[in-house]
Amino acid sequence: MTESEQEIEGQVRYPQAPDAGAAGDPQPWGEKTRVVGSRQPRVDAFERVSGSAIFPSDVMLPGMLHAAVLTSPHANARVKSVDTSKAEKLSGVYAVISRNTEDANPDWDYGSDYPGKLFYDHCRFEGDFVAAVAADSSYRAHDALRAIEVEYETLPFVSDELAALESGAPEVHDGGNEAGHQSYSRGNIEQGFAAADVVLEETYRSASEMQTPLEPHGCVARWEADRLTVWESTQGVFAVQSKIAETLNMPLARVRVIGHYVGGAFGSKLRTDKYAIAAAMLSRRSNRPVKLFMTREQTLVSMGNRPPTTMTIKAGAKKDGTLTAIQFKGIGASGAYKAGGTSLLDWLAKDLYQCDNVSTELTDVYINAQPARPFRAPGYVQCSWAMEQMMDALAEQLDMDPVALRLLNIPDGTQARGNKPYTTDGLRLCIEQGAKAFGWDQAKAAPRGNGHLQRGVGMAAANWFVGDGGPPSTVILRLYADGTANLNMGASDIGTGTKTVMAMVVAEEFGMEPDAVQIEHADTATTQFATPSGGSKTVPTEAPAVRRACLAAKDRLMDMAARQLGRERDEIIFAGDRLRTADGLESLAIPELDELKKQKVVVGVGERQPNRQDVSITPFAAQFCEVEVNRRTGEIRLLRMLGTNESGRVINRLTWDGQVIGGITMGVGYATTEQRVLDGPTGKLCNRNWHDYKLPTALDVPAEIISEPIMLSDEQANIVGAKGLGEPVTIPTGGAIANAVYAATGIRMRDTPINPVTLIDPLASQEG
Ligand code: MOS
C-alpha cells in the first residue's frame with residue numbers, strides 16, 4: 001500500500017489485531033430473519049425530529065463562554081505582529097490567545113513534514129489560525145476579534161494545481177510544489193496499446209467541492225482540575241482523544257471526548273482540528289467551559305474539501321471489447337500541507353475492470369489553499385468521473401452497448417489486489433440487475449427527441465476498497481432481568497443510522513424489538529474502543545462485534561436455563577425470545593430465569609475478529625440515469641436515477657435506501673452544481689456561503705431515485721454478511737450523469753460541474 005493510501009486508511013482503520021481466539025464462527029443468520037432486513041425507523045427518530053437530540057453545538061454548561069477564532073484573510077502571508085491589547089480590555093472578554101501567549105500555543109503540524117504551532121507566524125492558506133477569544137457571548141467574542149490588530153506581510157501564492165507545477169510558480173514550501181509522487185504498473189502498457197484496435201486518450205478535470213455538513217465543526221471544552229472533557233462533533237471520539245492528549249502532552253485517561261450526535265461530516269470530521277486545542281486552551285485560561293464552533297463561512301474556507309484533480313486516461317480495447325491497456329495520470333491538490341491530494345485517485349483505473357496492462361502515476365501538489373480532507377469516497381469519485389466517461393467513449397467507438405462493454409470486462413479481484421479474489425460477483429450483479437430494473441435497453445432505444453428538449457441515458461459502475469471493516473472493536477451487551485438490553489459501543493453514528501442497525505442486530509438475536517435496546521456510544525470514558533466511523537466500514541466493523549456480544553450473553557442464559565430445568569447444556573436452544581429444550585417439552589422466557597432475577601444482569605463481550613486474508617471483501621455499485629437537456633438554455637433535468645448496490649446483507653432497508661438517495665444527491669452536487677472558486681487576484685475563496693456555494697436542492701435532484709439492492713449475504717466477509725455502503729453509493733453518480741448528457745447532446749463534458757454556464761457554449765457551437 002502506498003503512503004497516500006495509508007494516510008487515508010489510517011484515519012479510519014487500524015492495523016489488524018491478532019485473532020482473539022474465539023471458538024468457531026457462529027452460523028450465519030440464513031435467509032429467514034425477523035428484524036434484520038426490515039425497514040426500521042431510527043431508534044433516535046423522535047429525538048432527531050423533535051429537536052431534543054443534544055448535538056455538540058447544543059451543549060450548554062453553567063458559566064460557559066463562547067469563543068471565536070481570528071483566521072488569516074490571505075492566501076499566503078507572514079504574521080509579523082499580533083496586538084491583542086484592545087481586545088483584552090473589552091468587557092465580557094475572558095481570554096485571548098495568540099502566538100503571544102506562549103503557554104497557550106502548543107506545537108501543531110498540519111502535515112507530517114513541517115513544524116508549526118497552533119498560532120504560527122506563517123499562514124500558508126486563507127483560514128489558518130491567528131488568534132482566539134473567549135467571551136461571555138458570541139457577539140462579544142466576535143467584537144473582540146475585530147479589535148485584534150494583525151500586521152501581515154502578504155506573499156505570492158498559487159491556487160491551481162497545474163499552475164503550481166509550472167516553473168517559476170510561487171513555492172508553497174521551500175523545495176517545490178510537489179507534495180508526493182507515486183506510480184503503479186502491471187503487465188506491459190506499450191504492448192497493451194499495440195494489441196488494441198481502438199485507443200482513446202482524454203483529459204478530465206474535477207473541481208474542488210466542500211463537505212458542508214449542516215452542523216459546523218467545533219466543540220465544547222471543560223476542565224475539572226487537570227481533567228479535560230470535550231463534546232465534539234466528530235466521526236471518532238477516540239481519535240480526537242488521542243490527538244488532544246498528544247498535542248497537550250496529557251495522559252489519555254485525563255482526556256474525555258463525547259460525541260453522541262454529529263450533524264453531518266462526510267469525512268471532514270475525521271481529522272482533529274486546531275479548534276479543539278484552542279477551545280481547551282481558552283477554557284484553561286478562563287477557568288470556564290468554552291464553546292468554540294467555527295462560523296459557517298469558516299467551515300467553507302478551511303474545514304475541508306475534496307481536492308481538485310486533473311486526470312488523463314489513455315485506454316485501449318480490442319474490437320470485441322476486451323480492454324488491453326489503461327494508462328492513468330492524475331494530479332491532485334493537497335492544499336498548503338500534505339493532506340492526500342491524490343489519495344486513492346487511481347484505484348478504479350487499476351481495479352474496476354479486468355485489464356492485463358495498467359500503469360498509473362499520481363502527482364500530489366501543494367497550493368495555497370486549505371488542506372484537503374477525506375470526502376465520501378476520496379479519490380474514487382474523481383477517478384470515476386474520468387474512468388466511466390472513458391468506458392462510455394470506448395463503447396461508442398466499438399459500437400457496443402456501455403452495459404455490455406462493462407460486463408465483458410468484469411474483474412475477479414486478483415489483478416490489483418495481490419491474487420485475492422472478490423468474495424462475490426457483485427459488480428456483474430449490480431450492472432445486470434440495475435440495467436433490468438432501470439429498463440436500460442428500452443430507455444436507450446427510445447428516441448432522443450426533436451426540438452430543443454433532448455433526452456438520454458447513461459450509466460456507471462463502481463467498487464470501493466475500504467468497506468470490509470475489521471478489528472479492533474469491542475462491544476459489551478448487558479441484558480437486564482426484564483429482557484431488555486443495553487449496548488455499549490464506542491462508534492459514532494454520523495447520521496447514517498449506525499445505532500439503529502446495531503439495535504436491530506441485538507433485536508434479531510434476542511427476539512426483542514429494537515426499541516428495547518438502550519445504546520451507550522461514542523464516549524471515550526464510558527464506552528469501548530472503536531475506530532472512527534469512516535471508510536464505509538462502521539457496519540461491517542461493529543455489527544459482527546455486536547453479534548458476538550449477544551451470542552456471549554445468550555450462552556450464559558442457556559447455562560442458566562440448563563441448571564434451572566435440570567437439563568444438559570446442549571439440550572437448551574434459543575428460540576426467538578425464549579429458551580427451550582430440544583425436545584420441545586419445556587421452555588422459559590428470559591425474565592423467568594431465576595439466576596438472572598437474582599444477579600440482575602448478564603454481560604456479553606464481543607470482539608471484532610480479523611477478516612479472511614485470502615479474499616477481497618469489496619462492495620460494488622452501479623447507477624443509471626436519464627436526463628433531459630434544454631438545448632436553448634443548457635439546463636439539465638435529471639429525470640430519474642437508479643442505484644443498485646451489492647454491500648452484502650441489507651440490515652436496515654430504510655437506512656440503506658437513505659444512503660443511496662443521499663449518495664446520489666451528493667453526486668448530483670459534484671456533477672452539476674458544486675465548485676470551489678478561488679479568486680484569481682487574491683487566492684481567496686469566492687463562494688463562502690450557502691448562497692454562492694451551490695449545494696443541490698430538491699429542485700436539482702431527480703424526482704425519482706430508486707434504490708435496488710442486490711439481496712445477498714456475503715458470508716465470507718464476516719458473521720453478519722454485511723459490507724460498507726455509505727461511499728459506494730456516491731461514486732458512480734457523476735459519471736452516469738455525464739454519460740447521459742453525452743447521450744442526449746453528443747457533447748462530452750470533461751470538467752465538473754456540468755451546468756447551463758458550462759454547457760451552453762458547446763451547445764451553441766453544435767448549432768454552428
Ligand atoms: Mo469517510 S470520507 O472515510 O468519512
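1. "Buried" here means under 20% relative accessible area. By that yardstick, phenylalanine 125 and tyrosine 337 are both buried. Keep in mind that you're looking at a predicted model.

2. Those two residues also form an aromatic pair. A pair of aromatic rings is described by the distance of the centres and the angle of the planes. For phenylalanine 125 and tyrosine 337 these come to 6.4 Å centre to centre and 85° between the planes, an edge-to-face arrangement. The structure holds 17 aromatic pairs, so there are others to look up once you've found this one; planes over 60 degrees apart are what earns the edge-to-face label.

3. Where do phenylalanine 125 and tyrosine 337 lie? Phenylalanine 125 is in the loop between β4 (122–123) and β5 (129–135), while tyrosine 337 is in the loop between β14 (323–335) and α9 (347–351). The pair therefore ties together parts that are 212 residues apart in sequence. It's worth widening the view a little here: Trp108 and Tyr110 join Phe125 and Tyr337 in one aromatic cluster.

4. Next, have a look at tyrosine 380 and phenylalanine 465. Their ring centres are 6.4 Å apart and the planes sit at 20°, so this pair is stacked. Tyrosine 380 belongs to helix α10 (residues 380–397), and phenylalanine 465 to the loop between β16 (453–463) and β17 (474–480). The pair links distant parts of the chain, 85 residues apart. Both tyrosine 380 and phenylalanine 465 are buried.

5. Helix α10 turns up again in a helix packing. α10 and α18 pack at an angle of about 35°, with their axes 8 Å apart, and α10 passes α18 in a right-handed crossing. From α10, the contact uses Ser384, Trp385, Glu388, Gln389, Asp392 and Glu396; from α18, it uses Gly734, Gly735, Ala738, Asn739 and Tyr742. Sorted by type, the residues of this α10 and α18 contact are three nonpolar, five polar and three charged.

6. Helix α18 (residues 733–745) also meets α17 (residues 653–673): the axes come within 8 Å and cross at roughly 55°. That makes α17 oblique to α18. Again the crossing is right-handed, with α17 passing α18.

7. Which residues of α17 and α18 meet? On the α17 side they are Gly663, Ile664, Gly667, Val668, Tyr670, Ala671 and Thr672, and on the α18 side Thr733, Gly734 and Ile737. How many residues of the contact of α17 with α18 are nonpolar, polar or charged? Five are nonpolar, five are polar and none is charged.

Methods. Residues are numbered from 1 along each chain as its sequence is written. This is a predicted model: local features need pLDDT of at least 70, side-chain atom pairs count only at pLDDT 80 or more; totals for chains, interfaces and linings use all residues. Side-chain values use heavy atoms; hydrogens and water are left out. Axes are lines fitted to C-alpha atoms, for helices over the stretch in contact, and angles run from 0 to 180 degrees between N-to-C directions. Helices (H or I, at least four residues) and strands (E, at least two) are DSSP runs, numbered from the N terminus. Angles under 35 degrees count as roughly parallel, over 145 as roughly antiparallel, 65 to 115 as roughly perpendicular and the rest as oblique. A crossing is left-handed if the near helix is turned anticlockwise from the far one by less than a right angle, and right-handed if clockwise. Contact means heavy atoms within 4.5 Å. Ala, Val, Leu, Ile, Met, Phe, Trp, Tyr, Cys and Pro count as nonpolar, Asp, Glu, Lys and Arg as charged, and the others, Gly among them, as polar. Rings of Phe, Tyr and Trp (its six-membered ring) pair if their centres lie within 6.5 Å; planes under 30 degrees apart count as stacked, over 60 as edge-to-face and the rest as tilted. Buried means under 20% relative accessible area, exposed over 50%, partly exposed in between (1.4 Å probe, protein chains only).
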